[in-house]
Amino acid sequence: MKIKTVYAIPKLPKNLEKLRKLAMNYWFCWNWEAVYLFMRLGFVPQLGHQGNFWEDSYQNPILMLGRLPQDILDQASKDESFLANLEDVYEKFSDYLKAPTWFKEKYGKDKDFLAAYFSSEYGIDEGLTIYSGGLGILSGDHLKAASDLGIPLVGVGILYQEGYFKQYLNLDGWQQECYPKNDWYNMPVILERDKSGKPIFISIDYENTPVKAQIWRVEVGRVNLYLLDTNIPENSPNHRMITSQLYSGDRDIRIRQEILLGVGGVRALEALGIKPTVYHMNEGHSAFLALERIRSLMVKYNLRFFEAGEIVWASNVFSTHTPVPAGNEHFDPNLVKKYFNKFASDLGLSWNRFLSFGQEEPGKSPTFCMTVLALNLAAFCNGVSKLHGEISRNMWEKLWPALPAKEVPIASITNGIHPRSWISHDLGDLFDRYLGPRSVERPQDFETWEGVDRIPDGELWKIHQIRKERMVFFARNLLKKQLLNRGASFTEAETAQEVLNPQALTIGFARRFATYKRAHLLFKNPCRLIQILTNPEMPVQIIYSGKAHPQDNDGKNLIKSIIHFIQDNNLRNHIVFLEDYDINVARYLVQGVDVWLNTPRRSFEASGTSGMKAAVNGAINLSVLDGWWCEGYQQDTGWAIGSGEIYANPEEQDCIESESLYNLLEKEVIPLYYKIDRVGLPRQWIAKMKSSIKKLGAVFNTHRMLIEYTEKFYLSAGRGGQNLLKDSALKAKNLAEWRKKIKERWPQIHLHTDNIVSEKDIYAGDKYPIRVMARLGELTQDDVTVQIYYGLLDTYDQIIDGQVVDMKPIENTGGEYLYQTEISLPVSGRYGFTARAVPKHPDLVHPFTPLFITWEN
């Protein structure tokens with residue numbers, strides 16, 4: 001049976017057409033005036049229509065416009081107040097798109113610059129369900145901040161037909177999953193078409209079978225996000241499934257998805273005529289893009305693999321988000337060969353050489369790791385917090401075996417949040433009054449947040465209580481609906497209207513239910529917890545929310561145990577679990593709770609961002625010192641569980657840290673919240689709220705994060721890649737030839753240090769002169785940098801926290817070069833130093849990949 005299609009769009013009165021333009025750009029989702037405009041249109045009981053069209057449409061304005069009865073639209077078109085509201089919002093939208101931006105003002109001369117940001121998921125708004133959790137939310141906030149700052153950037157991802165699962169619990173508390181299908185023709189996404197109106201396709205060979213993908217565009221302010229979709233009639237059912245579900249458990253589908261994201265994403269940008277100068281891989285899922293870029297450059301400029309590789313390496317950025325080896329994406333080499341055997345041949349590589357790019361130890365590693373592939377083919381790499389950067393350098397030091405872990409070229413750029421996407425509109429109005437427009441335009445400036453101190457305590461507390469009451473109202477309604485869906489009786493469901501007390505200290509714990517996040521830590525001593533919760537003088541309540549991965553039974557058991565604990569101890573009024581954690585639930589929680597609880601096992605949390613969202617809304621963090629909280633914690637911004645210890649025995653760690661958590665709650669958190677002055681205000685608590693908002697809001701935002709990416713990585717990567725492309729990639733060819741020479745002649749290097757002053761002549765604060773004789777063989781001083789690596793020694797004669805200083809050549813004595821420098825000895829103690837040589841070339845971004853280094857013997 002052949003079915004033909006026709007697409008019907010909402011019929012809007014002419015003077016409401018601007019609604020469609022607003023609805024098609026996700027700028028609306030971080031601008032309350034626009035959201036309120038759609039809410040106002042969607043709630044019109046005076047015409048006799050039942051329900052709330054905005055909420056019933058999952059806050060998707062395109063779907064709502066299509067569902068609204070024509071009489072509602074007709075009435076709106078005659079409502080002068082609504083039309084004035086529409087004009088005001090549309091004018092703000094237009095002004096935003098035309099306004100001068102940070103990037104244009106500071107780097108307007110880089111006219112060819114364009115960053116392409118690749119991520120497997122994007123959490124932009126609840127109506128676009130192509131995200132699962134923190135990584136996707138970060139990606140969405142990345143695009144929004146790039147838009148605000150005017151950074152030339154495009155996003156690339158996948159349009160999942162079913163997205164991530166929706167969670168519901170059965171009567172026993174066991175997590176169930178369902179996968180509702182997305183209807184893209186009723187969402188703010190646009191199918192890309194050519195000049196004749198036909199969809200634009202790209203093609204990828206999977207086992208010699210061409211598979212087509214069409215391209216959809218999502219507008220996020222000034223930034224476009226392009227999403228690939230294989231669910232089209234031209235493909236077989238097997239290949240249509242590639243874009244079915246986010247994070248499929250099927251390994252074959254998973255690798256095909258990552259091929260589509262990486263290889264297909266590069267081809268999609270080419271098909272659209274978009275020419276990025278830098279490519280950013282957000283996690284390893286998109287790492288195949290590096291190989292496709294090399295292949296494309298080889299064809300376009302008639303280059304060899306390593307010549308094209310120089311350009312790609314210099315202009316690739318990679319962010320790793322995984323702090324444990326097992327969390328990185330690994331594929332069986334046979335599965336990789338299934339899809340890349342011919343691709344490797346096209347690159348001019350043997351299969352083993354191809355495989356080595358994804359192996360931590362080439363020829364030995366049993367799997368092909370996407371993180372290793374990205375690290376090998378990106379000059380600019382980073383972890384997503386300072387601690388995570390350190391962990392990543394230690395984790396991946398085998399890729400740079402002769403280099404001290406401190407110097408492994410993985411930097412750190414700490415994650416942030418897009419403030420206006422997460423700050424409640426009530427608090428946002430307060431910020432507008434006391435912080436001014438800078439709170440929207442320049443949240444990365446410390447001066448912006450100084451205005452928090454000018455907010456009267458009573459006003460801040462009133463707004464916080466309003467948000468808390470709204471959160472309680474939301475939680476009660478959601479819980480009632482969920483209980484009915486589980487099969488609970490109507491009488492039991494009605495009890496949901498009595499849970500939670502808006503006046504009680506409320507703790508929020510909402511995140512993915514992975515075991516390392518330790519949702520169970522608070523339940524370690526059940527009797528003590530019950531005593532804390534049910535204290536009639538100082539009651540406490542907790543709201544839990546979060547999903548376990550469908551294949552994570554340990555995570556599901558955690559959820560079930562919480563449900564049973566609530567039921568067995570009659571704590572329905574003190575502990576609530578809200579199902580189907582998503583952006584909407586998250587927004588209500590971070591805007592309404594008093595305390596945000598985070599209990600990961602230290603070093604397992606790369607960054608985390610939920611606590612940042614809570615902090616800018618006035619919630620105070622109570623967290624283990626892990627991820628971002630190592631940088632955010634101060635005594636006046638929140639509380640730390642433990643002191644950053646790492647334990648060999650997890651059970652011992654849980655016992656100690658649960659005890660610390662109970663003590664903090666009983667002795668500090670709860671008493672401070674209930675310490676009320678004579679006018680009914682908890683002044684010391686409010687002071688902590690203000691300090692948290694002010695100090696954390698200024699740092700942990702995506703505007704600061706994007707500026708760091710731009711100034712540390714993007715501009716250098718873009719310029720480096722463009723430099724190597726000049727004159728038909730002549731510089732890339734020369735650099736590859738130079739590297740080949742270096743590889744052949746590097747073993748000829750020999751270094752010898754000449755001590756000038758004996759130890760008895762050296763005092764703390766002195767400069768110590770060092771000379772090194774360097775035999776460079778067939779290389780010259782133009783090919784090599786000679787350095788001194790030095791620092792204090794530990795009891796094992798190892799250099800602690802080593803520093804590096806470059807040496808200057810002062811003499812050439814027929815094949816040997818004399819180098820000289822001075823090192824600083826700021827404090828007394830035993831110092832160690834040694835000489836080393838690293839490659840040097842004017843077009844080399846940094847000398848450590850691939851690594852050649854010679855240490856003094």
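**Charges, fold and the setting of R704**

The protein carries 98 positive and 103 negative side chains, and the centres of these two sets lie 4 Å apart. These values, like those that follow, come from a predicted model, and the accessible surface computed for the protein amounts to about 35,700 Å², with 50% of that area belonging to carbon and sulfur atoms.

Turning to the overall form, the C-alpha trace spans about 95 × 70 × 50 Å along the principal axes of the protein. For 857 residues, a compact globule would be expected to have a radius of gyration near 29 Å, and because the protein has 29 Å, the value agrees with that expectation. Of the 857 residues, 59% are buried, and the secondary structure consists of 30 helices and 28 strands. When contacts between residues at least 6 apart in sequence are considered, 72% of them join residues that are at least 24 apart.

One residue allows a more local view. R704 belongs to helix α30, which covers residues 702–745. Is R704 buried or exposed? Its relative accessible area is 13%, and because buried means under 20%, R704 counts as buried.

The surroundings of R704 can then be followed through its contacts: apart from neighbours within four places in sequence, R704 touches I413, T414, N415, G416, Q444 and V699. With N415 there is also a polar approach, since a polar atom of the R704 side chain lies 3.1 Å from the backbone oxygen of N415, a separation that falls within the 3.5 Å used for a polar contact.

Terms used: Residues numbered from 1 in each chain as written. Predicted model: local features only at pLDDT ≥ 70, side-chain atom pairs only at ≥ 80, totals over all residues. Heavy atoms only, no water. Helix = DSSP H or I, 4+ residues; strand = E, 2+ residues; numbered from the N terminus. Rg over C-alpha atoms; globule rule 2.2 N^0.38 Å. Buried < 20%, exposed > 50% of the residue type's maximum accessible area, 1.4 Å probe, protein only. Contact = heavy atoms within 4.5 Å. Areas by Shrake-Rupley, 256 points an atom, 1.4 Å probe, with all protein chains shown as cover. Lys, Arg positive; Asp, Glu negative; His and termini not counted. Charge placed at Lys NZ, Arg CZ, Asp CG, Glu CD. Polar contact = N/O pair within 3.5 Å; in protein donor to acceptor, adjacent residues only side chain to side chain.
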